[in-house]
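Good morning, and thank you for making time for this presentation. I would ask you to keep the sequence and the model in view while I speak.

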Amino acid sequence: MKTLKVGDKVPSFSSKDQDGNVINLSDYLGKKLIVFFYPKASTPGCTAEACNLRDNYKELQKQGYELLGVSADSEKRQANFRDKYKFQFPLLADEDHTVINAFGVWGPKKFMGRSYDGIHRITFIIDEKGVVSKVIDKVKTKDHAAQIV
């Protein structure tokens, strides 16, 4: 797993959000961007993380941040997740792993003694020029916004 590090330029990407709209990295040039990867929509940890970001969204925006959530879930599953919890930010349905692979967050994981490949819960802060300025790889799902700011 070759995960992007601080100082790396984020590779250009395009992916569809929960409504089928195409989202490009270039849409965010000139803005600070938070890209958070989560394993699966509507699971307890992912819900806690996304809801914490939702609850602190206005504060993050005040500090100049835009927000993108990413998982390999389908558009329908992402739309249901957004609608149920009223997220104000897009959730990318990265079923083909374009964005997941660009950031290098797919790799070996362990859960209850079982090994498998999956998405690692990692958040990237990207500056106005598209360069990674911070990587959070030990995400506190219930207090994630505080880790970002």
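I shall go through selected helices, strands and side chains in turn. Please bear in mind that this is a predicted model.

Let me begin with helix H1, which covers residues 44–55. Its 12 residues, at 1.5 Å a residue, should span 16 Å, and the end C-alpha atoms are indeed 16 Å apart, so the expected and modelled spans agree. Which residues of H1 are buried? They are Cys-46, Thr-47, Glu-49, Ala-50, Cys-51, Asn-52 and Leu-53. These buried residues pack against strands E3, E4 and E8 and against helices H2, H3 and H5. Of these partners, H2 comprises residues 57–62, H3 residues 75–85 and H5 residues 144–148.

I turn next to strand E8, residues 123–126, in which Thr-123 is found. Is Thr-123 buried or exposed? Its relative accessible area is 0%, and therefore Thr-123 is buried, the cut-off being under 20%. The side chain of Thr-123 makes a polar contact of 2.6 Å with the side chain of His-144. Beyond residues up to four places away in sequence, Thr-123 touches ten residues by name: Ile-34, Val-35, Phe-36, Glu-49, Lys-134, Val-135, Ile-136, Val-139, His-144 and Ile-148.

E8 is also joined to strand E9, residues 132–136, by four bridges, and the two strands run antiparallel. Within this pairing, Ile-125 stands opposite Lys-134 of E9. The two strands form a hairpin with five residues between them. In the turn, Gly-130 has a positive phi of about 85°.

The next topic is the aromatic side chains. A pair of aromatic rings is described by the distance of the centres and the angle of the planes. The count for this model is 12 aromatic pairs. Phe-37 and Phe-124 form an edge-to-face pair, with 5.9 Å between the centres and 90° between the planes. This pair links distant parts of the chain, since Phe-37 lies in strand E3 and Phe-124 in strand E8, 87 residues apart. Phe-37 has a relative accessible area of 0% and is therefore buried; Phe-124 is likewise buried, at 0%. Tyr-85 and Phe-87, by contrast, form a stacked pair, at 5.9 Å centre to centre and 25° between the planes. Both Tyr-85 and Phe-87 are buried. Ring pairs also link a cluster that consists of Phe-36, Tyr-38, Tyr-57, Phe-81, Tyr-85, Phe-87 and Phe-89. Finally on this topic, Lys-32 lies over the face of Tyr-65, at 4.5 Å from the ring centre.

Two further residues deserve a word. Ser-71 is found in strand E4 and counts as buried because its relative accessibility is 0%. A polar contact of 2.6 Å joins its side chain to that of Asp-73. Apart from neighbours within four places in sequence, Ser-71 is in contact with several residues, including Tyr-38, Pro-39, Gln-78 and Leu-92.

Ala-102 is found in helix H4, residues 98–103. Why does Ala-102 count as buried? Its relative accessibility is 18%, and the cut-off is under 20%, so Ala-102 falls on the buried side. Leaving aside neighbours within four places in sequence, Ala-102 is in contact with Leu-4 and Pro-11. Ala-102 and Pro-44 are 58 residues apart in sequence, and their C-alpha atoms are 26 Å apart in space.

Thank you for your attention; I welcome discussion.

Note on methods. Residues are numbered from 1 along each chain as its sequence is written. This is a predicted model: local features need pLDDT of at least 70, side-chain atom pairs count only at pLDDT 80 or more; totals for chains, interfaces and linings use all residues. Side-chain values use heavy atoms; hydrogens and water are left out. Buried means under 20% relative accessible area, exposed over 50%, partly exposed in between (1.4 Å probe, protein chains only). A polar contact is a pair of N or O atoms within 3.5 Å; within protein, one must be able to donate a hydrogen and the other to accept it, and residues adjacent in sequence count only if both atoms are side-chain atoms. Contact means heavy atoms within 4.5 Å. Two strands pair if DSSP finds at least two bridges between them. Rings of Phe, Tyr and Trp (its six-membered ring) pair if their centres lie within 6.5 Å; planes under 30 degrees apart count as stacked, over 60 as edge-to-face and the rest as tilted. A charge sits over a ring if NZ of Lys or CZ of Arg is within 6 Å of the ring centre and within 35 degrees of the ring normal. The expected span of a helix is 1.5 Å times one less than its number of residues.
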